[in-house]
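Biologist: I'd like to learn how to read a protein model, one feature at a time. Can we start with pockets and then work through the rest?

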Amino acid sequence: MRVLLLRTTPAGLWKKGFLPPPVVHPLGLMTLQAVLRKEGVAEEVRIVDPAVDLDDDDALGPVVEQLGPTVVGLSSLIVEAPLVRQYARTIRQAAPDATVVVGGPLASSDVAGVFQIPEVDYAVIGEGEQTLVELCRALERDGATADIRGLVVRGPDGSVHVQPPRPPLENLDALPLLDWDGIRLDAYGKVFNMNDLPVADDRYATLMPTRGCPYQCSYCHDIFGRRTRAFSMERLVEEMQVLIDRHDVRDFHFVDDLFNFRKGRIREFCDAVAEQRWDIRFAFPNGLRGDRLTRDELRALRDTGCYALSVAVETTSQRLQELVGKRLDVERTLEQVAIAAQLGIITRAFVMIGFPGETEEEMVHTIETVTNSAFDIINVFTVTPHPSTELHRYLIEQGHELPTLGGESFDYDRGLINVSAVNDERFRELIHWARHMPYEAPHRKQRLRGVYEEYRIERYAVADSSTWELVHR
């Protein structure tokens with residue numbers, strides 16, 4: 001058995017320089033690769049990430065033909081749905097007998113939409129390591145898949161059968177170490193990353209040492225469940241040590257749902273880094289809940305190498321915080337961000353506008369509040385209700401017609417779904433205003449000019465609509 005694990009990213013991004021969309025190391029596929037090899041279910045397991053491995057879309061077919069895969073697994077985000085259609089068609093043409101499996105957030109969120117793609121044979125919902133192992137064994141044996149939990153099957157008559165979910169993996173330490181030799185590690189340092197900043201020496205590693213989040217945000221995919229599980233600190237240190245020793249990595253990005261899920265976790269991590277005496281730096285492009293941070297933790301992070309962190313604020317309206325289930329203490333979050341800024345840590349806010357029934361006054365309050373805050377970078381997105389989320393179900397119950405898989409409405413930037421209290425024309429005006437307003441603040445312009453000079457960001461081909469352009473105009 002030969003398995004091809006394909007990331008559904010746009011091809012050839014490595015040739016375009018430091019331009020969105022962000023691309024990070026394919027941790028999900030790397031984990032699947034490690035597990036498949038450990039279980040001995042495949043003669044060859046190869047990862048292909050078109051963003052860094054292919055020159056253009058036309059290069060995928062020859063790669064598939066050369067490998068001659070028995071199974072092709074596609075890992076995809078919702079916004080990559082059109083690429084799933086395109087790549088699945090290419091796979092079927094290049095390897096007519098291959099079994100095509102779709103996983104990742106797309107499969108878990110919109111399984112009905114996934115099976116509108118005729119080339120798809122199976123989908124994996126939730127954590128896919130054991131499910132894919134069992135599927136490969138079944139295909140090699142007799143093709144009987146009815147008892148595989150977490151699997152969605154297309155029947156001979158075209159009907160779709162959703163099998164019982166698989167419980168989350170309890171012991172993350174049982175997962176094998178990732179094979180970083182199996183990807184083009186250097187290439188990822190040359191493309192736009194989740195941190196919005198270039199990395200040291202064009203080389204870094206992404207890590208996700210926890211899974212799951214106990215909060216009830218209604219817009220969340222909830223792929224990993226509501227209970228947080230984590231690598232032991234010993235296991236995390238081992239993974240980082242391999243990257244430092246074998247791959248000369250000195251820059252780490254943590255992209256958990258909730259890294260600071262437990263009181264003391266940050267301090268434990270900082271103590272471990274200090275004990276190892278590593279000469280490293282690290283950032284949190286995702287995974288820190290702002291109202292759980294403390295001054296002592298921020299100081300410890302700074303002292304052990306943290307140079308940037310991101311916090312999801314979403315909205316400053318308490319009414320909306322309750323409505324969507326996030327229930328963030330916004331005031332405390334802004335206080336902790338101010339402390340981080342004083343310590344020299346680069347800070348970024350994630351903000352969303354366009355929640356159900358959100359008024360213009362609430363949108364303006366959110367943007368004005370973050371504009372006057374200590375955040376350095378402010379990313380404004382429009383609310384996008386993904387299938388299988390509480391927000392999506394709520395809006396359907398309220399009578400809204402929402403798009404399905406592959407429609408252009410699944411776009412975080414263009415605001416093609418409007419369920420707010422303002423009309424469409426005014427909503428688009430507010431989106432434009434919200435993305436420019438924060439960079440009119442003199443304190444932010446001054447701070448970011450210094451950051452960009454330090455990171456030599458002018459040497460990258462930054463898009464005209466980028467933060468860089470707003471700050472320097």
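Modeller: Sure, and let's begin with the classes used to sort residues: Ala, Val, Leu, Ile, Met, Phe, Trp, Tyr, Cys and Pro count as nonpolar, Asp, Glu, Lys and Arg as charged, and the others, Gly among them, as polar. Keep in mind that this is a predicted model.

Biologist: Okay, how many nonpolar, polar and charged residues are in the lining of the second largest pocket?

Modeller: That lining has eight nonpolar, nine polar and six charged residues. The pocket itself, the second largest, has a volume of about 370 Å³. Its lining is made of 23 residues, and H221, D222, I223, F224 and G225 are the closest to its centre. Two elements give two or more residues to this lining: α5 (105-109) and α15 (390-397).

Biologist: Next up, burial. Is N195 buried or exposed?

Modeller: The idea is to look at relative accessible area: under 20% is buried, over 50% is exposed, and in between is partly exposed. N195 has a relative accessible area of 3%, so N195 is buried. You'll find N195 in the loop between α8 (185-188) and β8 (205-207). Leaving out residues up to four places away in sequence, N195 touches H253, A283, P285, Y307, A308 and R348.

Biologist: And what about D196, in that loop between α8 and β8?

Modeller: D196 comes out at 15% relative accessibility, so D196 counts as buried. Check its backbone, too: D196 has a positive phi of about 65° although it is not a glycine. Another residue other than glycine with a positive phi is E314, where phi is near 70°. E314 is found in strand β13, and its relative accessible area is 8%, so E314 is buried.

Biologist: Which residue lies just after α11 and takes a positive phi?

Modeller: That's G305, with a phi of about 125°.

Biologist: While we're on α11, how do I read the sides of a helix?

Modeller: Here's the general idea: an α-helix has 3.6 residues a turn, so residues three or four places apart point the same way. Now the case here: in α11 (residues 295-303), the buried residues include E297, L298, A300 and L301. These four cover an arc of only 160° around the axis, so they sit on the same side of α11.

Biologist: What covers the buried residues of α11?

Modeller: The cover includes α10 (265-276), β12 (281-288), β13 (306-314) and α13 (330-342).

Biologist: How do I read a nonpolar core?

Modeller: Look for buried nonpolar side chains that join up with one another. The largest nonpolar core here has 105 residues, and W180, F252, F254 and F269 have the most contacts inside it. Take F252: among the residues it touches, not counting those up to four places away in sequence, are L207, M240, L243, I280 and F282. There's also a second, separate core of 18 residues, including L6, V64, L67 and A94.

Biologist: Last topic: distance along the chain against distance in space. Where is L19, and how many residues apart in sequence are L19 and D196?

Modeller: L19 is in the loop between β1 (2-7) and α1 (27-39). L19 and D196 are 177 residues apart in sequence and 9.5 Å apart in space, C-alpha to C-alpha. At 26% relative accessibility, L19 counts as partly exposed.

Biologist: What is the separation between Q342 and P176?

Modeller: That pair is 166 residues apart in sequence and 40 Å apart in space, again C-alpha to C-alpha. Q342 is in helix α13, and with a relative accessible area of 64%, Q342 is exposed.

Biologist: Could you walk me through one more residue, say R289?

Modeller: R289 lies in the loop between β12 and α11. At 6% relative accessibility, R289 counts as buried. Its contacts, not counting residues up to four places away in sequence, are Y215, L258, N260, K326, R327 and L328. R289 and V313 are 24 residues apart along the chain, and their C-alpha atoms are separated by 8.9 Å.

Biologist: And Q116, where is that found?

Modeller: Look in the loop between α6 (111-114) and β5 (122-124). Q116 has 44% relative accessibility, so Q116 counts as partly exposed. From Q116 to R85 is 31 residues in sequence and 9.2 Å in space, C-alpha to C-alpha.

Technical notes:
Residues numbered from 1 in each chain as written. Predicted model: local features only at pLDDT ≥ 70, side-chain atom pairs only at ≥ 80, totals over all residues. Heavy atoms only, no water. 1 Å grid on protein atoms, 1.4 Å probe; cavity = no way out; pocket = protein on both sides within 12 Å on 5 of 7 lines; lining within 4 Å. Points joined across faces, edges and corners; volume = space filled by probe spheres on them. Buried < 20%, exposed > 50% of the residue type's maximum accessible area, 1.4 Å probe, protein only. Contact = heavy atoms within 4.5 Å. Core = buried A, V, L, I, M, F, W, Y, C linked by side-chain atoms within 4.5 Å. Arc of directions from axis to C-beta.
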